[in-house]
Amino acid sequence: MGLGSFFKRNKKQKEEIEEESHIDINIDECDGCEKCIIACPNNVLVLVDEKSSVNNSFGCKRCKVCMAICPNECINVN
Ligand code: SF4
Ligand code: SF4
């Protein structure tokens with residue numbers, strides 16, 4: 001891998017991280033009930049290590065159903 005592709009890859013990763021930032025999940029409060037995962041109409045969320053996690057932020061339509069259904073108020077969608 002050349003230096004150019006190294007920087008290009010890092011830029012891509014940075015963009016993906018920034019894209020994900022509109023969904024905040026407070027994993028300290030998440031008990032892994034999966035309600036948000038089941039409720040999301042766009043399959044954005046998945047369970048990872050018993051915690052809700054963003055799998056596909058591009059699929060999120062910001063409907064905020066996940067926020068509404070979480071019993072622990074640990075999701076925030078901007
Ligand atoms: S805001 Fe809607 S589309 Fe986005 S993760 Fe939550 S339920 Fe899914
Ligand atoms: S609904 Fe809330 S507590 Fe349940 S898995 Fe989703 S984020 Fe965690």
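**Two ligands and a hairpin: a short tour**

Let me begin with ligand 2, which sits in the second largest cavity of what is, I should say at once, a predicted model. Around ligand 2 there are 13 residues, and those that come nearest are Cys 30, Cys 33, Glu 34, Cys 36 and Cys 70. If we sort that shell by class, we find seven nonpolar residues, three polar ones and three charged ones.

Ligand 1, for its part, sits in the largest cavity. The residues around ligand 1 include Cys 40, Cys 60, Cys 63 and Cys 66, and also among them are Lys 61, Arg 62 and Lys 64. By class, the shell of ligand 1 holds eight nonpolar residues, one polar residue and three charged residues.

Let me return now to Glu 34, which I named a moment ago as one of the residues that come nearest to ligand 2. Glu 34 is found in the loop between strand S1, residues 23–25, and helix H2, residues 35–39, and its phi is positive, about 75°, although the residue is not a glycine. Is Glu 34 buried or exposed? Glu 34 has a relative accessible area of 34%, and therefore counts as partly exposed.

From there I would like to move to the hairpin, which is formed by S2 and S3 with two residues between them. The two strands run antiparallel and are joined by four bridges, and, to give one position, Val 46 stands opposite Ser 53 in S3. In the turn we meet Asp 49, again a residue other than glycine with a positive phi, here near 50°. Asp 49 lies in the loop between strand S2, residues 45–48, and strand S3, residues 51–54, and with a relative accessible area of 70% it is exposed.

What happens to the side chains along S3? In a regular strand, side chains alternate between the two faces of the sheet. Along S3, Ser 52 and Val 54 point to one face and are buried, whereas Lys 51 and Ser 53 point to the other face and are not.

Let me close with Ser 52 itself, which lies in strand S3. Its relative accessibility is 5%, and because the limit for burial is under 20%, Ser 52 counts as buried. Leaving aside residues up to four places away in sequence, Ser 52 touches Ile 25, Ile 27, Cys 30, Cys 36, Ile 37, Leu 45, Val 46 and Leu 47. Two of these names bring us back to where I began, since Cys 30 and Cys 36 are also among the residues that come nearest to ligand 2.

Notes: Residues are numbered from 1 along each chain as its sequence is written. Chains are lettered from A and ligands numbered from 1 in the order in which they are written. This is a predicted model: local features need pLDDT of at least 70, side-chain atom pairs count only at pLDDT 80 or more; totals for chains, interfaces and linings use all residues. Side-chain values use heavy atoms; hydrogens and water are left out. A residue is near a molecule or strand if one of its heavy atoms lies within 4 Å of it. On a 1 Å grid over the protein atoms alone, a cavity is a set of points where a 1.4 Å probe fits but cannot get out, and a pocket is an open set with protein on both sides within 12 Å along at least five of seven lines; lining residues have an atom within 4 Å of a point. A molecule sits in a cavity or pocket if more than half of its atoms lie within 2 Å of its grid points. Ala, Val, Leu, Ile, Met, Phe, Trp, Tyr, Cys and Pro count as nonpolar, Asp, Glu, Lys and Arg as charged, and the others, Gly among them, as polar. Buried means under 20% relative accessible area, exposed over 50%, partly exposed in between (1.4 Å probe, protein chains only). Contact means heavy atoms within 4.5 Å. Two strands pair if DSSP finds at least two bridges between them.
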